[in-house]
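Subject: Structure for you to look at

Dear colleague,

I am handing over the structure below and would be glad if you could read through it with the notes that follow. They begin with a term that the notes rely on, and then go from the whole chain to single residues.

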Amino acid sequence: MKKIVALVLVLTTCLAFFSCSDNTSRTGEFGDCTWYIKETTLVINGKGKMGDGDPPWGSGMTDVIIENGVENIGDRAFIMSRNLCNVSIPTSVRSIGDEAFQYCCSLVSLELPDYLITIGESCFRSCDALATLELPKRLEYLGAKAFCGCGALESMIIPEKVSVIYTDTFNCCTSLKKISLPKGITLIEMGAFAGCDALTDVYYGGTKEDRERIAIDFGNTALQNATWHYESELQG
């Protein structure tokens, strides 16, 4: 009889544990937002900011839907989500945090919202399948190492309000062939274009005289050796 009672207690404890674990893994709160997972789809909603740090939803999802009202994507939100293929980001999102999509190696393309202002450091680092990405015109800050190791990325247009390309931003983007830089660029930091050996063309919004005023740190040989096309040439 004692053995039966002990067995029942063990089974009850196990069932309670797994039930609790299942609930924790499928729904919860993070910052000002709530979230739930259905199969391999993560849905995040709320009014306000997502939390920062290691996410409570894990990394096994293939799809993410962020609903309108969420104001940011937190630091490390989807880090190492190696199966993540599709992400829906609403117009309410103004910033994407540091390392938010780092090592999301199945992410091929992504549509960023028009009102996005900030992309954090190492945001898309080592997203080695990411081939196309259009930066929104209102973007003001592009963090260091943001696209470091994005080996499939072939081209990029830097928006007008970005004035600095920080350290290692495009380091080891081995397929990058062309990039457009605005006239307002004042500084290109160390190694921003290191390892970009395929880079052949730079489309620059200023004149040759404007280019000479850009401070370009060492480790950007590929950028300097590429063919620069100036605004006057493009208009002509």
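Helices and strands here are DSSP runs, of at least four residues (H or I) for a helix and at least two (E) for a strand, numbered from the N terminus. With that in hand, R76 can be placed in the loop between β4 (72-73) and β5 (86-88). Please keep in mind throughout that this is a predicted model.

Taken as a whole, the protein has four helices and 17 strands, and of its 236 residues 41% are buried. Among the contacts with a separation of 6 or more, 27% join residues that are 24 or more positions apart. The exposed surface comes to about 12100 Å², with 53% of this area supplied by carbon and sulfur atoms.

The interior is where I would start. The largest nonpolar core holds 63 residues, and the members that touch the most others are F78, F101, F124, F147 and F170. Two or more residues each are given to this core by β1 (27-38), β2 (41-50), β3 (63-66), β13 (178-181), β15 (201-204) and α3 (221-225), with β1 giving the most, namely four residues. If one takes F101 and sets aside residues up to four places away in sequence, its partners are I73, F78, L84, V87, I96, L107, C123, F124, R125 and C127, so that F78 and F124, which are named with F101 among the members touching the most others, are also in touch with F101.

M50, in strand β2, deserves a separate look. Is M50 buried or exposed? With a relative accessible area of 4%, M50 counts as buried, because the term applies under 20%. Beyond its neighbours within four places in sequence, M50 is in contact with F30, G31, C33, I44, W57, I66, V70, N72, I73, G74 and A77. One of these partners, V70, is 20 residues from M50 in sequence, while the C-alpha atoms of the two are 7.0 Å apart.

Two pockets are also worth your attention. The largest pocket has a volume of about 200 Å³, and its lining consists of L133, E134, L135, K137, S155, M156, I157, P159 and E160. Both β9 (132-134) and β11 (155-157) give two or more residues to that lining, and the largest share, three residues, comes from β11. Sorted by class, the lining of the largest pocket has five nonpolar residues, one polar and three charged.

The second largest pocket contains about 160 Å³ of space and is lined by L110, E111, L112, D114, E134, L135, P136, K137 and R138. Its lining has four nonpolar and five charged residues, with no polar ones. E134, L135 and K137 appear in the lining of the largest pocket and again in that of the second largest pocket.

Finally, there are two backbone points to check. R76 is not a glycine, yet has a positive phi of about 65 degrees; the residue is partly exposed, with a relative accessible area of 30%. S126, likewise not a glycine, has a positive phi of about 60 degrees and lies in the loop between β8 (118-119) and β9.

With best wishes

Conventions:
Residues numbered from 1 in each chain as written. Predicted model: local features only at pLDDT ≥ 70, side-chain atom pairs only at ≥ 80, totals over all residues. Heavy atoms only, no water. Core = buried A, V, L, I, M, F, W, Y, C linked by side-chain atoms within 4.5 Å. Buried < 20%, exposed > 50% of the residue type's maximum accessible area, 1.4 Å probe, protein only. Contact = heavy atoms within 4.5 Å. 1 Å grid on protein atoms, 1.4 Å probe; cavity = no way out; pocket = protein on both sides within 12 Å on 5 of 7 lines; lining within 4 Å. Points joined across faces, edges and corners; volume = space filled by probe spheres on them. Nonpolar A, V, L, I, M, F, W, Y, C, P; charged D, E, K, R; others polar. Areas by Shrake-Rupley, 256 points an atom, 1.4 Å probe, with all protein chains shown as cover.
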